[in-house]
Amino acid sequence: MRLVPVAILVALVLAVVGPRGADRPPPPARAPAVSAPPRLAPTPTPTPTPILRRPSRAVGLPWAGRLVHGRRLPVRGPGYATWDPIRKRVPNRAWRRWGTSRLVRIVSRVLAEYARGHRGAAPVLVGDLSRPRGGDFGPRYGGIGHASHQNGLDVDVYYPRRDGRRGIARRPDQVDRDGAQRLVDAFVRVGAQKVFVGPSLALHGPPRVVQALVHHDDHLHVRLRGT
Ligand SMILES: [Zn+2]
């Protein structure tokens with residue numbers, strides 16, 4: 001038998017199985033040379049877009065209502081700290097600190113002004129407002145609970161102490177009555193609908209607004225008008 005020339009044999013093998021690596025994808029084409037991008041002037045920092053927050057609404061009544069799009073009072077601010085009336089310590093838990101934006105604004109403003117008039121004084125303690133969506137804030141949330149505080153219009157503010165220390169007054173004789181009266185006056189001036197005060201403290205104001213109520217010898221309770 002005649003020998004097939006080697007060149008023909010190789011050609012036949014290549015025709016059947018293909019050259020080595022024929023199944024591999026072709027190597028990537030070399031990227032064409034790109035000229036350096038033109039130098040751009042630095043982009044100015046964009047002005048932050050204001051976050052549009054839906055207005056908060058007090059729905060229903062302070063003792064049968066709810067809170068829509070409430071705001072949370074910061075854990076502390078100029079002139080105030082928050083107080084957890086159940087755990088009896090600073091600060092208050094976040095879910096107990098919700099109110100309408102107007103209530104949060106007014107509390108912050110009144111207590112900052114009070115602090116400016118009482119340099120070096122301990123921060124005033126702010127207790128409960130409402131729950132994040134308002135509603136029942138009764139005994140199942142601790143202590144004797146609140147009959148009201150349901151629609152973001154109520155807030156408890158503890159009287160300053162006579163000895164100037166931070167903390168709540170355990171007895172009426174520990175209350176700084178002058179300071180307490182100035183707080184009452186300040187909340188009356190900003191248009192509070194009610195300021196409930198302790199029967200033992202002889203705090204006063206317009207009788208339709210400032211009223212004595214049991215369980216208020218260590219704090220005043222401010223209620224704003226609904227909007
Ligand atoms: Zn209250």
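How do H2 and H3 lie to each other: oblique, parallel or perpendicular? The legends below take up this question and then move through the predicted model.

**Figure 1. Helices H2 and H3 cross in this predicted model.** Helix H2 covers residues 101–117, and helix H3 covers residues 177–189. Their axes come within 10 Å. They cross at roughly 140 degrees. Angles over 145 degrees would count as roughly antiparallel, and 65 to 115 as roughly perpendicular. H2 and H3 are therefore oblique to each other. The crossing of H2 and H3 is right-handed.

**Figure 2. Residues of both helices make the H2–H3 contact.** From H2 come Val110, Glu113 and Tyr114. From H3 come Arg182, Leu183, Ala186 and Phe187. Five of the contact residues are nonpolar and two are charged. None is polar.

**Figure 3. The whole protein combines helices and strands.** There are three helices and eleven strands. Along the sequence they follow the pattern α-β-β-β-β-β-β-α-β-β-α-β-β-β. The protein has 227 residues, and 33% of them count as buried. Take the contacts between residues at least 6 apart in sequence: 61% of these join residues at least 24 apart.

**Figure 4. The largest nonpolar core holds 39 residues.** Which residues have the most contacts inside it? They are Val107, Val126, Val184, Val195 and Leu220. Several elements give two or more residues to this core. The helices on that list are H2 and H3. The strands are S7 (124–126), S8 (154–158), S9 and S11 (219–223). H2 gives the most, with seven residues.

**Figure 5. Val184 is among the residues with the most contacts inside the core.** Leaving aside residues up to four places away in sequence, Val184 touches Val195, Val197, Leu203, Gly205, Val210 and Leu220. Val195 and Leu220 are also among the residues with the most contacts inside this core.

**Figure 6. Val197 sits in strand S9.** The strand covers residues 194–197. Is Val197 buried or exposed? A residue counts as buried if 20 or more other C-beta atoms lie within 10 Å of its own. Val197 has 24 within 10 Å, so Val197 is buried. Beyond residues up to four places away in sequence, Val197 touches Val184, Leu203, Val210, Ala212, His216 and Leu220. Val197 and Ala212 are 15 residues apart along the chain. Their C-alpha atoms are separated by 4.8 Å.

Conventions
Residues numbered from 1 in each chain as written. Predicted model: local features only at pLDDT ≥ 70, side-chain atom pairs only at ≥ 80, totals over all residues. Axes fitted to C-alpha atoms, helices over the stretch in contact; angles between N-to-C directions. Helix = DSSP H or I, 4+ residues; strand = E, 2+ residues; numbered from the N terminus. Parallel < 35°, antiparallel > 145°, perpendicular 65-115°, else oblique. Left-handed = near helix turned anticlockwise from the far one by under 90°. Contact = placed C-beta atoms within 7 Å. Nonpolar A, V, L, I, M, F, W, Y, C, P; charged D, E, K, R; others polar. Buried ≥ 20, exposed ≤ 12 C-beta atoms within 10 Å, placed from the backbone. Core = buried A, V, L, I, M, F, W, Y, C linked by C-beta atoms within 7 Å.
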